[in-house]
Amino acid sequence: MKYARIFFFHLQDAIEERSRMIVWFLISLINPMVYLLFWRGAYLNLEESTVGWQFSSFASYYFLLVIASSFLLVHIEEYIAYFDIERGYLANQLLKPVSYFWYHFFHELPYRVVQGSFGLLVFLLFYFGYPGLIQLSPSIEIFFLSIILVIGGYVL
């Protein structure tokens with residue numbers, strides 16, 4: 001129950017700081033979009049005999065990369081290094097009846113959920129806005145394995 005309280009407390013903070021999270025999301029969005037524009041130009045300049053790829057494969061990869069980066073890019077190392085180590089708040093955290101690891105896990109989880117929903121929204125906008133641009137595997141096993149990999153990547 002105490003971890004749920006930590007989660008919902010920091011969820012309120014995450015919803016309050018939407019503008020900061022949008023900036024972090026735009027950083028994770030701009031990089032793959034630049035690469036996608038590069039690959040679009042390279043794909044359009046290829047000769048017909050060397051075309052082994054489809055542009056939808058490139059687009060699918062980079063849009064899924066936007067979702068993965070918005071779910072998985074955690075900036076907790078700055079918080080831990082500055083506040084906990086440099087300012088000395090680590091001693092206070094160790095004396096609390098909550099595990100230090102789980103506290104920071106549930107502290108960062110709401111930010112990842114909200115920012116990941118931004119990535120999912122952009123993905124769905126392009127998926128339904130430009131039909132045929134993004135190809136997904138129809139295999140349900142690959143879908144569930146991908147979710148397990150994202151969860152494992154976040155825990156890591």
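## A pair inside helix 6

Arg112 and Glu108 both sit in helix 6, four residues apart, which is about one turn of the helix. Helices here, like strands, are DSSP runs numbered from the N terminus (H or I and at least four residues for a helix, E and at least two for a strand). Before going further: this is a predicted model, where local features need pLDDT of at least 70 and side-chain atom pairs count only at pLDDT 80 or more, while totals for chains, interfaces and linings use all residues. Residues are numbered from 1 along each chain as its sequence is written, and side-chain values use heavy atoms, with hydrogens and water left out.

Back to the pair. Arg112 forms a salt bridge with Glu108, and the closest N and O atoms are 3.1 Å apart. The term asks for a side-chain nitrogen of Lys or Arg within 4 Å of a carboxyl oxygen of Asp or Glu. The structure holds one salt bridge. Are its partners buried or exposed? Arg112 is buried, at 4% relative accessible area, and Glu108 counts as buried too, at 10%. The cut-offs are under 20% relative accessible area for buried, over 50% for exposed, and partly exposed in between (1.4 Å probe, protein chains only).

## What else Glu108 and His107 touch

Leaving out residues up to four places away in sequence, Glu108 touches Val74, His75, Ile76 and Tyr154; contact means heavy atoms within 4.5 Å. Ser146 is another matter: 38 residues along the chain from Glu108, with 21 Å between the two C-alpha atoms.

His107 is also found in helix 6, and this residue is buried, with a relative accessible area of 11%. With residues up to four places away in sequence not counted, His107 touches Ile6 and His10. For a sense of scale along the chain, His107 and Leu125 are 18 residues apart, and their C-alpha atoms are separated by 29 Å.

## Helix 4 against helix 6

Glu108 turns up again where helix 4 (residues 76-86) packs on helix 6 (residues 100-129), at an angle of about 130° and with the axes 11 Å apart. Axes are lines fitted to C-alpha atoms, for helices over the stretch in contact, and angles run from 0 to 180 degrees between N-to-C directions. Helix 4 and helix 6 are therefore oblique to each other. On that scale, under 35 degrees is roughly parallel, over 145 roughly antiparallel, 65 to 115 roughly perpendicular, and the rest oblique.

Helix 4 passes helix 6 in a right-handed crossing. Helix 4 puts in Ile76, Tyr79, Ile80 and Asp84, and helix 6 answers with Tyr100, His104 and Glu108. By class, that makes four nonpolar, one polar and two charged residues. Ala, Val, Leu, Ile, Met, Phe, Trp, Tyr, Cys and Pro count as nonpolar, Asp, Glu, Lys and Arg as charged, and the others, Gly among them, as polar. As for handedness, a crossing is left-handed if the near helix is turned anticlockwise from the far one by less than a right angle, and right-handed if clockwise.

## Helix 2 and its two partners

How does helix 2 (residues 18-44) pack with helix 3 (residues 55-72)? The angle is about 170° and the axes are 9 Å apart, which makes helix 2 roughly antiparallel to helix 3. The contact takes in residues such as Phe25, Leu29, Leu36 and Trp39 of helix 2, and Phe55, Phe58, Tyr62 and Val66 of helix 3, among others. Sorted by class, there are 15 nonpolar, three polar and one charged residues. Leu36 makes a handy close-up: this helix 2 residue is buried, with a relative accessible area of 8%. Beyond its neighbours within four places in sequence, Leu36 is in contact with Phe55, Phe58, Ala59, Tyr62 and Phe63. The C-alpha atoms of Leu36 and Phe58 are separated by 6.9 Å, with their positions 22 residues apart along the chain.

Helix 2 also packs with helix 6, at about 50° and with axes 10 Å apart, so helix 2 is oblique to helix 6. The crossing is right-handed. Here Arg20, Met21, Ile22, Trp24, Phe25 and Leu29 of helix 2 meet Tyr111, Val114, Gln115, Phe118, Gly119 and Val122 of helix 6. That contact has nine nonpolar, two polar and one charged residues.

## The loop after helix 6

Gln135 lies in the loop between helix 6 and helix 7 (140-155) and is partly exposed, with a relative accessible area of 42%. Setting aside neighbours within four places in sequence, Gln135 is in contact with Gln54, Ser56, Ser57 and Ser60. Gln135 and Ser57 are 78 residues apart in sequence but 6.7 Å apart in space, C-alpha to C-alpha.
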